[in-house]
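Reader: I would like to learn how to read the features of a model such as this one, beginning with charged side chains. Could you take me through them step by step?

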Amino acid sequence: MKQLNFSRKILLLLLGSIAVTLISAFIFLHFSYRDLYLTTVRESVEYQGQRTASHYHSGELSEEIIEKIHWYNVVSEYEVLVADNLDELNTSFPYQIGDERLIEEADRAFLESGRSIMKEGYVEAFNREVIGAVYPITDGTSPVGYIYIFVPLEGLAQVFGSSIPWLIGMALVFFLLISLLVNQIRKSLFKPLLAIQDFSKSVSMGSYRQRLEVRQLDEIGQVSQALNQMTQTLEVEEERKKEFLSNIVHEVRTPLTYIQGYTERLKKAPEAEKEVLLSTIESEVGRMNRLLSDLVELNRLQENQLTFDLQPIVAAELLYETLGLFSILAKERGLTFEIEADEEVIMLQDEKRLQQVFYNVIENAVKYSPENSVIQILLKEVKDSVQIEVVNEAPQLTKAEKKRIGERFYRADRDRNRKTGGTGLGLAIVKEIVRVQGGQWLIDADVDQLFTVRIMLPKEGMAQ
């Protein structure tokens with residue numbers, strides 16, 4: 001089935017509007033003619049007939065009365081016939097009204113009893129519709145004569161003859177206005193739609209830099225704005241994908257290069273060195289395994305595929321337990337922990353995920369704090385949430401670098417050396433755990449010498 005394009009639909013709309021207008025005008029004229037004009041004529045004939053008959057309600061139908069009726073016939077817009085009896089009235093009006101004579105046998109009983117009858121229909125002799133009524137003239141008790149008052153009706157063209165030019169003029173004005181409206185729609189609608197079509201083709205081919213021009217915020221403008229936002233998001237995601245691929249290649253290539261080098265050395269090394277080289281290779285393989293595990297976990301978090309085993313947890317106990325894992329490393333670097341923890345805070349949480357949050361945030365602070373510095377840790381209840389805050393000195397980091405910490409694969413050591421280790425995914429995983437639970441994540445980078453990670457987690461499990 002052939003599909004209509006938008007321009008043809010608008011053309012059909014225009015033609016349909018004109019057709020509806022013409023049909024509506026015809027219906028209006030027909031209604032006015034049938035229900036207004038004919039009703040008015042009927043009421044007028046009935047009124048004039050009753051009025052005329054009531055003037056001659058006594059005595060006999062004399063010549064004087066007949067002359068007055070004839071005089072009224074001359075000066076009025078109605079045709080008036082008067083007769084002594086019904087047969088004479090039929091003779092005075094010998095035409096068929098429709099398929100009947102003026103007075104049929106069935107009408108005689110009505111008229112002879114003093115009641116009037118209405119007669120209307122097409123009269124061939126006049127070539128018109130006729131509306132009329134027969135009224136008896138009584139002497140007070142019985143009819144002494146009969147009046148037939150009738151009006152040949154004007155046709156539709158005659159009734160509205162003076163109005164038709166106005167109607168035609170209004171139709172032309174309406175058509176002109178519709179044409180101007182359609183032209184304006186074509187300019188304001190078709191051009192943006194064609195631009196959207198070209199834009200969509202460009203985006204489908206992978207070009208995300210192009211933007212649609214938004215001149216006004218109508219429906220098309222809102223669609224264009226939404227497409228621009230979508231394309232901007234796709235552009236950002238494309239950049240992230242390229243960065244992710246670049247980072248993953250770098251992160252995997254580095255240990256592979258080391259493993260390859262160590263393997264070559266292992267072939268030629270004396271027995272005394274082989275144990276060290278094997279240990280180093282094992283360490284690099286372990287690092288690659290951790291990297292892949294972190295990536296899998298991060299992707300599952302981003303896809304909301306991880307489940308949380310919620311249970312009551314004393315948060316301070318889990319925090320102290322996690323800090324114990326860093327006691328040796330902190331002692332080697334001369335780091336001191338200043339802890340302010342509310343030991344009565346009980347959270348409905350997944351113990352493994354909560355410890356992962358504690359561990360990754362503290363690990364980041366330990367790795368990037370200068371030696372012999374202080375790391376401040378705060379844990380407290382704030383309304384329906386629990387605030388976890390870790391503050392450490394970071395004089396070597398710029399404000400921009402601080403804000404980027406937490407991005408996937410981002411590490412603040414500019415030369416990307418292996419001094420601090422890690423995969424660059426720890427805080428990214430923390431951010432996703434916080435997001436999935438409906439919490440809040442904040443990096444405070446305003447103080448140059450300090451780096452602050454502030455996390456708000458729902459106290460009663462996952463936020464609704």
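Author: Being three residues apart in helix H4, Arg108 and Glu105 are separated by about one helical turn. The model is a predicted one, and in it the side chains of these two residues meet in a salt bridge, with 3.5 Å from N to O. As a general idea, side chains of opposite charge can pair when their charged atoms come close.

Reader: Which of these two residues is buried, and which is exposed?

Author: Arg108 counts as buried, because its relative accessibility is 16% and the cut-off for buried is under 20%. Glu105, at 55% relative accessibility, counts as exposed.

Reader: With which other side chain does Arg108 meet in a salt bridge?

Author: The other side chain is that of Asp87, and the N to O distance in this salt bridge is 2.4 Å. This pair links distant parts of the chain, since Asp87 lies in helix H3 (residues 86–92) and Arg108 in helix H4 (residues 105–112), 21 residues apart. Asp87 has a relative accessibility of 46% and counts as partly exposed.

Reader: How many salt bridges are found in the whole structure, and where is there another that links distant parts of the chain?

Author: A search of the whole structure finds nine salt bridges. One of them joins Lys459 and Glu381, whose closest N and O atoms are 2.9 Å apart. Here Lys459 belongs to the segment after strand E11 (450–458), while Glu381 sits in strand E8 (residues 374–382), and 78 residues separate the two. Lys459 counts as buried at 17% relative accessibility, whereas Glu381, with a relative accessible area of 36%, is partly exposed. To return to the earlier residues, salt bridges that share partners join Asp87, Glu105 and Arg108 into one network.

Reader: Strand E8 has now come up, so how should I read a sheet, and what is the order of the strands in the sheet that holds E8?

Author: In general, strands of a sheet pair through backbone hydrogen bonds, either parallel or antiparallel. In this model, E8 belongs to an open sheet of five strands, with mixed pairing and the order E6-E8-E9-E11-E10. The edge strands, each of which pairs on one side only, are strand E6 (336–341) and strand E10 (440–444). From one strand to the next the twist averages 10°. E8 and strand E9 (residues 385–393) pair in the antiparallel sense over eight bridges, and Lys380 has Gln387 in E9 as its bridge partner.

Reader: Which helices pack on this sheet, and which strands do they touch?

Author: Helix H11 (residues 351–368) packs on the sheet and touches E6, E8, E9 and E11, its direction making about 15° with that of E9. Helix H13 (residues 426–436) also packs on the sheet, touching E10 and E11, and its direction makes about 140° with that of E10.

Reader: Turning to the surface, which residues make a nonpolar patch?

Author: Val173, Leu176, Leu177 and Leu180 make a nonpolar surface patch of about 400 Å². Leu177 is found in helix H6 (residues 164–204) and is exposed, with a relative accessible area of 54%.

Reader: How many helices and strands does the protein chain have, and what share of its residues counts as buried?

Author: The protein chain has 13 helices and eleven strands, and 37% of its 464 residues count as buried. Its accessible surface comes to about 28,100 Å², of which 54% belongs to carbon and sulfur atoms.

How values were computed
Residues are numbered from 1 along each chain as its sequence is written. This is a predicted model: local features need pLDDT of at least 70, side-chain atom pairs count only at pLDDT 80 or more; totals for chains, interfaces and linings use all residues. Side-chain values use heavy atoms; hydrogens and water are left out. Patches are made of residues with over 30% relative accessible area and no salt bridge: like charges are joined within 9 Å, nonpolar side chains (Val, Leu, Ile, Met, Phe, Trp, Tyr) within 5 Å. Accessible areas come from the Shrake-Rupley method with a 1.4 Å probe; for residues, only the protein chains shown count as cover. A salt bridge is a side-chain nitrogen of Lys or Arg within 4 Å of a carboxyl oxygen of Asp or Glu. Helices (H or I, at least four residues) and strands (E, at least two) are DSSP runs, numbered from the N terminus. Buried means under 20% relative accessible area, exposed over 50%, partly exposed in between (1.4 Å probe, protein chains only). Two strands pair if DSSP finds at least two bridges between them. Axes are lines fitted to C-alpha atoms, for helices over the stretch in contact, and angles run from 0 to 180 degrees between N-to-C directions. Contact means heavy atoms within 4.5 Å.
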